[in-house]
Amino acid sequence: MDSHVRRTSQGDRDHALLLFLYNTGARASEAAHRTVGDLDFTSGTVRIVGKGRKQRQYLLWQESIQALRALAGARLSQEHGFLNRCGHTLKCEVTDHPKVTRRWANDPALMAFLRSL
């Protein structure tokens, strides 16, 4: 991805979030509520509890695993994976924010990567 966009922790978070959403097809609210403990870096999977409390498990791409591992850092398993700039739980509305969508939709490297899948 373009380094000028990912220079900040928010840019890295947005990158990991978009990979996660595209990889799993999760809803924004499902992604916002994922904890570090929902991710299994050994098997490369994530557990998602969706509507109707249905549990699903997805195999993650290597790119997603790397981005999520870097994002999780040394956080505890019960902490949320996607945090805002103040360190609080990310609200699902952020994923629909036009500024985030525009920034990444105009990134030719991300678009080329997604088209290659």
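A residue is called buried here when its relative accessible area is under 20%, exposed when over 50%, and partly exposed in between, using a 1.4 Å probe and protein chains only. By that yardstick, the buried residues of α3 are Ser64, Ile65, Ala67, Leu68, Leu71 and Ala72.

Some housekeeping: this is a predicted model, in which local features need pLDDT of at least 70 and side-chain atom pairs count only at pLDDT 80 or more, while totals for chains, interfaces and linings use all residues. Residues are numbered from 1 along each chain as its sequence is written, and side-chain values use heavy atoms, with hydrogens and water left out. Helices (H or I, at least four residues) and strands (E, at least two) are DSSP runs, numbered from the N terminus.

**The helix pair**

What covers those buried α3 residues? The cover includes α1 and β1. In terms of contact (heavy atoms within 4.5 Å), Arg13, His15, Ala16, Leu19, Phe20 and Asn23 of α1 meet Glu63, Ser64, Ala67, Leu68 and Leu71 of α3.

Two packed helices are described by the angle between their axes and the distance between the axes. Axes are lines fitted to C-alpha atoms, for helices over the stretch in contact, with angles from 0 to 180 degrees between N-to-C directions. Here the axes of α1 and α3 (residues 62–72) come within 9 Å and cross at roughly 140 degrees. That makes α1 oblique to α3; angles under 35 degrees would count as roughly parallel, over 145 as roughly antiparallel, and 65 to 115 as roughly perpendicular. Just after α3, glycine 73 has a positive phi of about 55 degrees.

**The sheet**

Strands pair if DSSP finds at least two bridges between them. The open sheet has three strands in the order β1-β2-β3, paired antiparallel. At its edges sit β1 (39–40) and β3 (55–59), each pairing on one side only. Two bridges link β1 to β2 (residues 45–49). Helix α1 (residues 9–24) lies across β2 and β3, at about 75 degrees to β2.

**Threonine 45**

Is this β2 residue buried or exposed? Threonine 45 is buried, at 12% relative accessible area. Its bridge partner is aspartate 40. Its side chain also makes polar contacts (N or O atoms within 3.5 Å; within protein, one able to donate a hydrogen and the other to accept it, and sequence-adjacent residues counting only if both atoms are side-chain atoms):

| Side-chain pair | Distance |
|---|---|
| Threonine 45 – serine 43 | 2.8 Å |
| Threonine 45 – glutamine 57 | 3.1 Å |

Leaving aside neighbours within four places in sequence, threonine 45 touches residues including Leu39, Tyr58 and Leu60.
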